[in-house]
Amino acid sequence: MKKILAILTLTLMAVSAFAQHDEQVTVEGKYRPKVNKVNKLALQPETPQPSYTIPSTEVNPIEAKQKLSLDLEKIAPTGFAAKKDQLVIPTKNFLMAGIGTRISPIFLYKHNSMLTKTLGLGVGVKHNSSWLNIKDYAPSSFMNNLFDISLSTSKFDGIQLDGGVYYKNDMYHYYGVNLTELPVTLTDAQIEQACPRQTYNTIGGRIGLASTSTRTGELSHSGGVDYQYTFDRFDAHEHFVDVAYGLGYTQSWWGDKSHPQKVGVDVGFQYDYFDATQPDNTNMAVICRSDLYLIKVNPYFEMSDEFYKLHLGVRLDGVNRVKEEDKFLAVRPDISGSLYVLNKKLEFYADLNGGRNLNTYSSIIAENPFVWNQLELLATNVKLGFEGGVRTNIVDIVDLHLGVRYRHTDNDAFYVLKYEFVDNEVICNKFDLLYDETKLVTVLANARVRLRNSLTAELGFAYNSCKPAVEEYAWYRPTTEGKLKLTYDLNDKLSFNSAFLYQGGRYAKVFTDGGYQSEKMKDVFDLSLGADYKINDQVTAFALLDNVACQKYQLYYNYPVTGIQLFVGAKLRF
């Protein structure tokens, strides 16, 4: 009995030490990795702790969807503050409220607490909108709403359960055409037909389970079921189901027992049903309906030591709707590894991968809400993917990442303008999907520099060479991307931040009297300036000046972003 108590005591001490250990990690973002300070929190098997999700507090109207994130909330409800890496004490409630120059309200509320010793609750509410019309082309407006609630518990022996539900509502009224430049005058009914107000609604939920045991020689498992229902104003609706389960076994077959080996398998099933059947101008039904399913199996083997880690696996997937030259069953590699030198301050990594993914209506409208719902949904097939590079923080004040990417993709989806006639006038303000085979090579570099614990600079650059097999260009995708982000703490109360974003080499496929042709889009130059003033430990005032240079570049053709905007507000923790 005394031996058992001693072992338990040592285990708890090790877990506590592990939980307090800080390290540099690289988080891969949409465009390029960003290096952040994080704190590892260890969950005890019997008592789950509340998950303090860092809320997204960026001002994100629809025209700024593709911007890299601008961090209004510099000090998250839990995590490290930029100044001297001090750990912020978690709070149960976080509230942010502000207003923009177009009477654009911002509201975000996040709650996390333990209802009982084994039951955690999370609640989130988010809203931002434009109450005044945006008059770049014609009166336009937007509104985004999100509500979510989650529960987690480990009441069951050796198993932790978590789940939640959410509701998302987005409204966009962007014309995408300058009505004053049309050779004809459209009536209100014709304008509503050509430039309708679109509303998207999504209802979803998830339930997941995972074993809490971390002992060698025991099976570990995790699984979950996600469901979401998406529908728009024009009777298009989609049901999407995602089922995933993983089973693993860890054992010290050789080597140091502190670095055991693991064998496992991940299996998954996805099903997507989409229906956008509606009458056309002749009141005849236009059928746009599809059902896709994807089956995935991924067996693997993992091993690691002080100076390396290795993952060896294979991905097998089957899709019911494929091209004639494709097969139902596809086999792709799943191999990755890292080599650490200089006391883990230098990492060389490589990854060989591939596989298929479903293009869902919900994911498409999240990226481009101006698409028309008469879409053909297919599975994107990555025939071969490679990632490699080096990460280092040899110099304590600098984190550096250099990498190269290659991806050979079939059914790669691009956005192209579709046209329709309104009173014998061609209106091009909706987008369709076009699929092509592409080969993409990306060279990227990312660095994070910290000086005197008060000034931090993040720099990023990427060069993309995407060659479609049929199309002239990779529509709307930038060739060059760059980002510079600076944060400066003047003192304990006042801090400043700025971000500069550049994207160049983008092309759009547009419709003219002679048919479709390519047109180079204006380069993106976007500068934003922000400030935070800490009134006390609970209240912080913020301000953001967005698009300082008032550059009305277009993320999509005929949809320019708004000019300079000012947002002010406050953040409250209690």
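Here are some notes on a few spots in this structure, which is a predicted model.

1. Start with the core. The largest nonpolar core has 47 residues, and those touching the most other members are Y361, Y415, F431, Y476 and Y556. Several elements each supply at least two residues of this core: strand 16 (289–304), helix 3 (361–367), strand 21 (398–422), strand 22 (425–451), strand 26 (507–512) and strand 30. There is also a second, separate core of nine residues, with L182, L186, I191 and A194 among them. As background, nonpolar side chains tend to be buried together in soluble globular proteins.

2. Y415 is a good residue to click on if you want to see who meets whom in there. Setting aside neighbours within four places in sequence, Y415 is in contact with I364, E367, N368 and V371. The same list for Y415 goes on with F431, D432 and L433, then W475, Y476 and Y556. Of these partners, F431, Y476 and Y556 are also named, along with Y415 itself, among the core residues that touch the most other members.

3. Now look at N368 from its own side. N368 sits in the loop between helix 3 and strand 20 (379–392). Is N368 buried or exposed? N368 counts as buried, because its relative accessibility is 0%. Leaving out neighbours within four places in sequence, N368 is in contact with Y415, F431 and Y556. N368 and Y415 are 47 residues apart along the chain, yet their C-alpha atoms are separated by 8.4 Å. The side chain of N368 also has a polar atom 3.0 Å from the backbone nitrogen of F370.

4. Two backbone angles deserve a look. Most residues other than glycine have a negative phi. D235 is not a glycine, but has a positive phi of about 70 degrees. N547 is another residue other than glycine with a positive phi, in this case near 55 degrees.

5. Where do D235 and N547 lie? D235 is in the loop between strand 11 (219–232) and strand 12 (237–251), while N547 is in the loop between strand 29 (539–546) and strand 30 (554–556). Their surroundings contrast: D235 is exposed because its relative accessible area is 60%, whereas N547 counts as buried because its relative accessibility is 1%.

6. F269 belongs to strand 13 (residues 261–275). With a relative accessible area of 35%, F269 is partly exposed. Not counting residues up to four places away in sequence, F269 touches V241, D242 and V243, as well as Y293, L294 and I295. Y293 is 24 residues from F269 along the chain, and the C-alpha atoms of the two are separated by 7.2 Å.

7. Finally, strand 24 (residues 480–489). Why is strand 24 described as largely enclosed by the rest of the structure? Because seven of its ten residues are buried. Strand 24 pairs with strand 23 (residues 455–468) in the antiparallel sense over nine bridges, and E481 in strand 24 is the bridge partner of A462. Strand 24 also pairs in the antiparallel sense with strand 25 (residues 494–504), over ten bridges. There, T480 stands opposite G504 in strand 25. To trace the chain from strand 24 to strand 25, follow the hairpin that joins them through four residues.

Note on methods:
Residues are numbered from 1 along each chain as its sequence is written. This is a predicted model: local features need pLDDT of at least 70, side-chain atom pairs count only at pLDDT 80 or more; totals for chains, interfaces and linings use all residues. Side-chain values use heavy atoms; hydrogens and water are left out. Buried means under 20% relative accessible area, exposed over 50%, partly exposed in between (1.4 Å probe, protein chains only). A nonpolar core is a set of buried Ala, Val, Leu, Ile, Met, Phe, Trp, Tyr and Cys residues joined through side-chain atoms within 4.5 Å. Contact means heavy atoms within 4.5 Å. A polar contact is a pair of N or O atoms within 3.5 Å; within protein, one must be able to donate a hydrogen and the other to accept it, and residues adjacent in sequence count only if both atoms are side-chain atoms. Two strands pair if DSSP finds at least two bridges between them.
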